[in-house]
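User: I have a chain open on my screen and would like to go through its structure with you. Could we begin with the terms we shall need?

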Amino acid sequence: MNTNANDLLKHHRRQIDRIDHAMIDLLAQRFQVVDEIGKIKHAHNIDAILPDRMEQVIRQCMETATTKNVDPALVRTIWTAIIATAIAEEQKLLHTESKI
């Protein structure tokens with residue numbers, strides 16, 4: 001690879017690295033909110049899994065993706081994984097706190 005192309009790639013790769021870090025920061029913030037939601041659900045005896053809410057979140061994200069020219073199927077896959085992890089965290093919290 002020639003030096004000019006390599007320099008151009010370095011610039012873009014640094015941009016991607018910054019975006020990746022920002023995405024991780026946002027995920028960390030999201031999971032902090034998930035923790036708070038889990039506490040509220042526990043206090044009010046609400047199930048961790050709320051299928052209607054799950055579908056609403058995924059649908060809204062897919063609609064947003066479409067307006068941003070991002071593949072909605074990719075967004076569905078990503079958000080399904082995020083939500084599954086959030087549910088697992090909420091369930092862990094619910095089971096841990098119920099033993100205390």
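Analyst: A helix here is a DSSP run of H or I with at least four residues, and helices are numbered from the N terminus. By that rule, glutamate 90 is found in helix α3. Please keep in mind that this is a predicted model.

User: Is glutamate 90 buried or exposed?

Analyst: Glutamate 90 is buried, because its relative accessibility is 7% and the cut-off for buried is under 20%.

User: And what is glutamate 90 in contact with, apart from its neighbours in sequence?

Analyst: Beyond four places in sequence, the contacts of glutamate 90 are Val34, Ile37, Gly38, Lys41 and Ala48. Of these, Val34, Gly38 and Lys41 are the buried residues of α1.

User: Where does isoleucine 37 sit, then?

Analyst: Isoleucine 37 also belongs to helix α1. Its relative accessible area is 34%, so it counts as partly exposed. Along the chain it is 16 residues from histidine 21, and their C-alpha atoms are separated by 24 Å.

User: What about lysine 41, is it buried or exposed?

Analyst: Lysine 41, which is in helix α1, counts as buried because its relative accessibility is 10%. Outside its four nearest places in sequence on either side, lysine 41 is in contact with Ile46, Asp47, Ala48, Leu50, Glu90 and Leu94. Aspartate 17 is 24 residues away from lysine 41 in sequence, and 36 Å away in space, C-alpha to C-alpha.

User: How many residues does α1 have, and what distance does it reach?

Analyst: Helix α1 has 41 residues and reaches 60 Å from its first C-alpha to its last. That is close to the 60 Å expected at 1.5 Å a residue.

User: What happens just after α1?

Analyst: Just after α1 comes asparagine 45, with a positive phi of about 55°. This asparagine lies in the loop between α1 and α2. It is exposed, because its relative accessible area is 74%.

User: Why point out a positive phi?

Analyst: Because most residues other than glycine have a negative phi. Asparagine 69 is another residue other than glycine with a positive value, near 60°. Its place is in the loop between α2 and α3, and it is exposed, with a relative accessible area of 75%.

User: Let us change topic to α2. Which of its residues are buried?

Analyst: The buried residues in α2 are Val57, Ile58, Cys61 and Ala65. Seen down the helix axis, the buried residues of α2 fall within an arc of 95°, so they line one face of the helix. The face turned away from that buried side carries the exposed residues Asp52, Thr66 and Thr67.

User: What span does α2 have?

Analyst: Helix α2, with 17 residues, reaches 25 Å from its first C-alpha to its last, close to the 24 Å expected at 1.5 Å a residue.

User: Which residues make up the largest nonpolar core?

Analyst: The largest nonpolar core has nine residues: Ala48, Val57, Ile58, Cys61, Ala65, Val75, Ile83, Ile87 and Leu94. Helices α2 (51-67) and α3 (72-99) are the elements that give two or more residues to this core. As background, nonpolar side chains tend to be buried together in soluble globular proteins.

User: Taking isoleucine 58 as an example, what is it in contact with?

Analyst: Not counting neighbours within four places in sequence, isoleucine 58 is in contact with Arg76, Trp79, Thr80 and Ile83.

User: And methionine 62, what does it touch?

Analyst: Methionine 62, which lies in helix α2, touches Pro72, Val75 and Arg76, leaving out residues up to four places away in sequence. Between methionine 62 and aspartate 20 there are 20 Å in space, C-alpha to C-alpha, and they are 42 residues apart in sequence.

User: One last topic: what volume does the largest pocket have, and which residues lie nearest its centre?

Analyst: The volume of the largest pocket is about 420 Å³. Its lining has 14 residues, of which Met23, Leu26, Ile78, Trp79 and Ile82 lie nearest the centre. The elements that give two or more residues to this lining are α1 (3-43), α2 and α3.

User: Which helix gives the most to that lining?

Analyst: That is α3, which gives five residues to the lining of the largest pocket.

Terms used: Residues are numbered from 1 along each chain as its sequence is written. This is a predicted model: local features need pLDDT of at least 70, side-chain atom pairs count only at pLDDT 80 or more; totals for chains, interfaces and linings use all residues. Side-chain values use heavy atoms; hydrogens and water are left out. A nonpolar core is a set of buried Ala, Val, Leu, Ile, Met, Phe, Trp, Tyr and Cys residues joined through side-chain atoms within 4.5 Å. Buried means under 20% relative accessible area, exposed over 50%, partly exposed in between (1.4 Å probe, protein chains only). Contact means heavy atoms within 4.5 Å. The expected span of a helix is 1.5 Å times one less than its number of residues. The arc is that of the directions from the helix axis to the C-beta atoms. On a 1 Å grid over the protein atoms alone, a cavity is a set of points where a 1.4 Å probe fits but cannot get out, and a pocket is an open set with protein on both sides within 12 Å along at least five of seven lines; lining residues have an atom within 4 Å of a point. Grid points are joined across faces, edges and corners, and a volume is the space filled by probe spheres set on the points.
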